[in-house]
Amino acid sequence: MINVAVVEDEISMQQKLKSYFADYTASTGEQFNVVCFDNPVFFLTGYKANYDLVLMDIEMPGMNGMEASRRLRRIDKSVTLIFVTNMAQYAVQGYEVDAFDYIVKPVSSEDFALKLNRAVERIKAGSEIKIKIVVDYAVKIITPSELKYVEVTGHKLIYHTADGGVHPTTGTLKNVEEQLRGAGFAKCNSCYLVNLRFVRGVSGQSVKVGDEELQMSYPKRKEFIRALNDYLGGGYFLSDAVRVLQIVPVRSRTAHSRNALLHKVCAAV
């Protein structure tokens, strides 16, 4: 059973999302416990970290979804967060609150099922994978959701976490890659294994991971961009013209046809 919170002020949208969860259960057998909140303040008041997934609207009266997400992250850093919004520009700001994905309104059943399937895979992978490392003679446990990237330098591995932590230890990048297979990680060169959820863009031979720039090797470039495209769920194509990688939502295949939106996630160098 996956516990879900839907934070959405429109009752009709709450009902639609609940019906999509029911459809997904009917087709896959996956069970959900869905609780709806029409106000983010009610959702956050007395919050207990017992949800696996939060669907967050952006435009709500009083406190908007971005602010609610920032407050949520102060008390729950691991819950999977998906924006449901007609303000697609917030997708490029999702890294600020470690958002896993976003769904653009009007929400189609096909798009919802695609994004939900990826979220379910991530939740299951996150619940199963625990990385144990030894730092200064003490055991530290790191989950994939809090790991930005792993770096190899000399004979050391360095784990870089979302809270700014830097944790040097021993081991091989190959073993870490095996541990994290299927959890949304890819190599941008032989020295870096990157969590794709933290990638903000690619410019020339560098990758923007959070607020850091990592070097990308030419041999790994094509493979890395393909992995990033796959991670974005197939609803995007990647344009690598003029040394700038742009993330471009393609035209919807549903009846809700709309103009393609262009979001430049990094500037040319």
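**Exercise 1. Place Asp98 in this predicted model, then state whether it is buried or exposed.**

Step 1. Find the segment. Asp98 sits in the loop between strand 4 (80-85) and strand 5.

Step 2. Check the backbone. The phi of Asp98 is positive, about 55°, although the residue is not a glycine.

Step 3. Read the accessibility. The relative accessible area of Asp98 is 10%. Buried means under 20%. Asp98 is therefore buried.

**Exercise 2. Which residues does a cis peptide bond join, and what is omega?**

Step 1. Identify the pair. The cis bond joins Lys105 and Pro106.

Step 2. Read the angle. Omega is about 0°.

Step 3. Locate the proline. Pro106 lies in the loop between strand 5 (101-104) and helix 4.

**Exercise 3. Describe the largest pocket: its volume, its lining residues and the elements that supply them.**

Step 1. Take the volume. The largest pocket has about 730 Å³.

Step 2. Go to the centre. The lining holds 36 residues, and those closest to the pocket centre are Arg122, Ala125, Gly182, Ala183 and Gly184.

Step 3. Assign the elements. Two or more lining residues come from each of helix 4 (109-128), strand 11 (185-189), strand 12 (192-195) and helix 6 (218-231).

Step 4. Pick out the main contributor. Helix 4 gives the largest share of the lining, seven residues.

Step 5. Sort by chemistry. The lining of the largest pocket has 16 nonpolar, 10 polar and 10 charged residues.

Key:
Residues are numbered from 1 along each chain as its sequence is written. This is a predicted model: local features need pLDDT of at least 70, side-chain atom pairs count only at pLDDT 80 or more; totals for chains, interfaces and linings use all residues. Side-chain values use heavy atoms; hydrogens and water are left out. On a 1 Å grid over the protein atoms alone, a cavity is a set of points where a 1.4 Å probe fits but cannot get out, and a pocket is an open set with protein on both sides within 12 Å along at least five of seven lines; lining residues have an atom within 4 Å of a point. Grid points are joined across faces, edges and corners, and a volume is the space filled by probe spheres set on the points. Helices (H or I, at least four residues) and strands (E, at least two) are DSSP runs, numbered from the N terminus. Ala, Val, Leu, Ile, Met, Phe, Trp, Tyr, Cys and Pro count as nonpolar, Asp, Glu, Lys and Arg as charged, and the others, Gly among them, as polar. Buried means under 20% relative accessible area, exposed over 50%, partly exposed in between (1.4 Å probe, protein chains only).
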